[in-house]
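Student: Please take a close look at one spot in this model. Start from a single residue, then work outward to the rest.

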Amino acid sequence: MTNINPETLSCPLPIMDHDTIQLSHGAGGRLSADLIDKIFLPRFGNETLDKLEDQATLELPGKKLAFSTDSFVVDPIFFPGGNIGELAINGTVNDVCMCGANPLYISASFILEEGLPMEDLHRIVLSMEEAAKNAGIRIVTGDTKVVNKGNCDKIFINTTGLGIVPDGVNISASNLQIGDKIILSGTIADHGMAVMTSREGLSFQTQVKSDTVALNSLVEEMLNVTKGIQAMRDPTRGGVAATLNEFARSSKIGIQIDGDQIPVKPEVHGACEVLGIDPLYVANEGKLIAVVPDNRAEEILSVMHQHPHGKDAAIIGVVVEDHPEIVTIKTGLGVNRILDMPVGEQLPRIC
Amino acid sequence: MCLGIPGKVIEIFDENGLKMGKIDYSGSINKACLEYVPEIEIGQYTVVHAGFGISILDEEEAKKSLKIWEEFADSAAQEGVDILGNPLDEDQ
Amino acid sequence: MKYLDEFRDPVLAKKIVAEINATVTRPWVIMEICGGQTHSIIRNGIDQVLAKEIELVHGPGCPVCVTPLEIIDKAIEIASRPDVIFTSFGDMLRVPGSKKDLFMVKSEGGDVRTVYSPLEAVEIARNNPDKEVVFFAVGFETTAPGNSMAIYTAAKERLTNFSELVSHVLVPPAMEALLSSPDNRVQGYLAAGHVCTVMGLEEYIPIAQKYHVPIVATGFEPIDILEGILLVVKQLEEGRCDVENQYLRSVKLKGNIPAQNIIQKVYKVTNRKWRGIGEIPRSGLSIREEYIDFDAEKKFSVGDINTMESDLCISGEILQGLKKPHECPAFGKECTPTHPLGATMVSAEGACAAYYKYQRLR
């Protein structure tokens with residue numbers, strides 16, 4: 001039998017930095033944050049951008065504007081529960097309204113791959129029309145470019161939204177106070193798992209549907225209870241885990257989550273188990289996480305329960321003094337463990 | 001290692017000469033190769049690893065192993081203590 | 001019975017914890033071989049509720065972690081070729097080779113695809129007859145039935161454009177290597193439930209007797225792992241060294257015979273290097289002569305790539321259970337999941353990654 005001498009054991013050199021852009025740079029985890037911190041902020045930084053909110057809030061004479069842009073690339077472009085078009089409308093509406101703003105106008109820019117079936121484009125445009133109508137927002141400007149076949153994947157859409165922030169509303173990821181309650185508006189991981197299980201090569205006969213929906217009417221109801229909502233974000237790429245970590249870091253405060261309170265649909269849970277993916281890291285497109293003062297939490301929750309997009313809302317945790325900038329989650333055995341930022345893309349695994 | 005997840009066989013079919021099945025994981029359905037569990041029937045559960053069923057789950061054994069603990073807990077609870085003999089509190 | 005939630009019941013789990021802690025009278029070192037169990041232990045906080053006498057050490061049970069550097073380099077070499085579609089389980093894409101990882105090959109234009117089942121790689125080969133389709137066949141005994149079936153099927157269909165880069169490892173020889181090491185601290189094993197599902201329990205009996213260690217085949221849910229620990233602790237306290245089966249609902253004494261048959265048809269036992277441990281005799285599988293046309297190492301002539309591993313991190317000692325991740329000076333500093341120094345930080349299942357993700361509170 002081999003004698004093992006630990007002194008001779010070795011392991012690989014690090015790949016310290018990437019010379020080229022990797023998919024993980026766009027996955028909403030640590031590498032995305034790296035890219036922003038090291039490449040974009042040092043050159044573009046200013047007091048508005050530096051806040052790293054999902055939208056810029058801008059003071060204009062007599063009005064406070066919320067302004068947000070987002071590009072949409074998704075494979076496949078049609079997935080169970082939606083398509084890239086409604087995603088592009090809902091995603092930007094949600095980014096605008098997460099600061100409490102009432103979204104009014106949106107732009108739509110298309111990058112189309114040569115050869116894209118006209119019928120596909122038409123279907124996408126129809127669902128954008130419908131999504132805009134449902135969100136009560138108008139598409140007021142746009143652009144189209146066509147690139148050579150192979151230079152983009154069928155269709156990329158950029159949307160930019162504009163809204164007005166009501167007086168007295170000041171929602172920011174840096175506002176968290178000890179004792180605040182964390183509310184999640186519904187089941188998690190629906191969108192990410194709908195897209196992943198419909199991808200070629202995973203052979204799912206999927207039952208999982210994307211949750212893509214505009215949340216501005218829900219936000220309006222919540223603000224009717226109190227304008228004192230501290231922080232609010234839609235947990236898209238990187239999932240609930242990324243959003244909670246962003247909150248903890250921006251506010252330099254700890255967050256404690258109770259794992260049992262987080263709603264996950266059984267079929268989504270099943271797909272996550274099979275592929276070895278943690279639903280807390282999976283993207284949502286119709287959910288929000290709000291941090292609210294303890295004494296208004298129940299009231300806000302009951303209003304959310306009346307709304308179709310908030311009927312499964314739950315209080316999932318609390319803001320704490322301990323472990324600043326760290327999010328913990330309570331396990332079934334009653335132990336708290338760290339819920340970290342995701343590293344990169346979520347990949348199906350075998351072990 | 002080896003992520004293996006129990007799923008229920010809801011359909012059995014042949015694909016490229018291999019015995020395959022549709023497996024239901026709490027509502028998410030995926031296919032798996034059932035060549036290694038040739039006697040499996042619709043309605044039974046299999047542990048699936050990397051798209052292959054590797055065992056037929058034994059319901060009797062599963063129930064037995066849970067029952068031991070449940071009975072243990074129940075009989076202790078009847079006496080108002082946990083299985084260590086400590087008074088029952090928050091757990092119940 | 002859905003075989004999942006039932007085995008996650010926190011009330012039952014607490015009962016078993018109480019029983020373990022009432023049974024233990026002395027310090028014991030128990031190794032869980034399987035990285036899946038490591039993950040479940042840390043994710044559920046099992047190590048934090050056990051009596052301090054019980055020390056759980058995390059074994060080399062993650063094929064991603066133990067795949068040697070030179071195989072990763074071979075994979076990268078093959079995947080970089082323009083005529084190749086390189087398919088792999090998602091786990092392997094982030095493992096660093098000596099210069100880059102498979103993700104970077106992809107970003108440089110290589111056709112690298114994630115598959116969930118090896119049969120999907122065969123399907124890709126069927127659909128792309130003008131391309132060479134290579135599947136990165138890593139894994140323990142659990143994955144071998146699927147990976148061997150891929151070659152078996154491709155051979156039946158004469159799919160000459162399919163091949164595998166094989167780096168299969170076997171668990172019992174590694175368990176024995178650890179026990180025979182002069183630094184060994186392991187007194188009892190939780191054997192990997194899914195490996196045992198495929199291979200059965202018989203090969204563990206001589207190991208348990210020779211080294212006088214209890215070995216308990218154990219499942220992956222919290223109730224399973226706690227029950228496995230309880231069975232090992234009972235044996236240790238009573239001075240027994242038997243092979244026992246906690247994971248009765250899946251593991252049978254003889255294992256899965258049809259699976260073993262296909263493995264033996266396609267693969268043969270061979271010596272293998274383990275990353276961080278070194279070569280262990282008869283601890284791996286390679287492709288048999290009859291199926292040599294499906295061996296990517298031969299097909300792409302990468303057999304002579306030899307990479308020496310550097311000596312910057314202690315993943316070897318961690319894989320052997322000699323040290324805990326947080327005892328490494330680089331842990332959480334130079335070495336994080338974004339910039340892994342060693343394989344145990346790369347794999348989501350690796351002991352270092354699991355510690356980093358779940359345990360920095362301490």
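Tutor: Start with the vocabulary: helices (H or I, at least four residues) and strands (E, at least two) are DSSP runs, numbered from the N terminus. This is a predicted model, in which local features need pLDDT of at least 70, side-chain atom pairs need 80 or more, and totals for chains, interfaces and linings use all residues. Residues are numbered from 1 along each chain as its sequence is written, while chains are lettered from A and ligands numbered from 1 in the order written.

The spot is Val213(A). It sits in the loop between S9 and helix H5 (216–225) of chain A. Buried or exposed, then, is Val213(A)? Val213(A) is buried, because 23 other C-beta atoms lie within 10 Å; the cut-offs are 20 or more for buried, 12 or fewer for exposed, and partly exposed in between, with C-beta atoms placed from the backbone. Which residues does it touch, its neighbours within four places in sequence aside? Val213(A) is in contact with Asn90(A), Gly286(A) and His309(A) (contact: backbone-placed C-beta atoms within 7 Å). Gln177(A) is 36 residues away from Val213(A) along the chain, and their C-alpha atoms are 29 Å apart.

Now follow S9(A), at one end of that loop, to the neighbouring chain. S9(A) is joined to strand S3 (residues 28–33) of chain B by 2 bridges, and the two strands run antiparallel (strands pair if DSSP finds at least two bridges between them). Within this arrangement, Phe204(A) stands opposite Asn30(B) in S3(B).

Step back to the whole A–B contact. Chain A brings 18 residues into contact with 14 residues of chain B. On the chain A side, the elements giving two or more residues are strand S9 (204–205) and helix H7 (266–275). H7(A) gives the most, with 7 residues. By class, the chain A side holds 7 nonpolar, 8 polar and 3 charged residues (nonpolar: Ala, Val, Leu, Ile, Met, Phe, Trp, Tyr, Cys and Pro; charged: Asp, Glu, Lys and Arg; polar: the others, Gly among them).

Chain C gives a wider view. It has 17 helices and 11 strands. Its radius of gyration, taken over C-alpha atoms, is 20 Å, close to the 21 Å of the globule rule for 362 residues, so chain C is as compact as a globular protein of that length (the rule: 2.2 Å times the number of residues to the power 0.38). The C-alpha atoms of chain C fill a box of roughly 65 × 45 × 40 Å along the principal axes. Of its 362 residues, 63% count as buried.

Its open sheet has 5 strands, in the order S2-S1-S7-S8-S9 (chain C), with parallel pairing. At the edges are strand S2 (54–61) and strand S9 (243–245) of chain C, each pairing on one side only. Strand S1 (residues 28–34) of chain C is joined to S2(C) by 6 bridges. One partner in S2(C) is Gly61(C), bridged to Cys34(C).

Last, a helix pair. Helix H9 (residues 171–180) and helix H11 (residues 204–211) of chain C pack at about 5°, with axes 10 Å apart (axes: lines fitted to C-alpha atoms over the stretch in contact; angles: 0 to 180 degrees between N-to-C directions). H9(C) and H11(C) are therefore roughly parallel (under 35 degrees; over 145 is roughly antiparallel, 65 to 115 roughly perpendicular, the rest oblique). Pro172(C), Met175(C), Glu176(C) and Leu179(C) of H9(C) meet Tyr204(C), Ile207(C) and Tyr211(C) of H11(C). This contact has 6 nonpolar, no polar and 1 charged residues.

Notes
Two residues are in contact if their C-beta atoms, placed from the backbone, lie within 7 Å.
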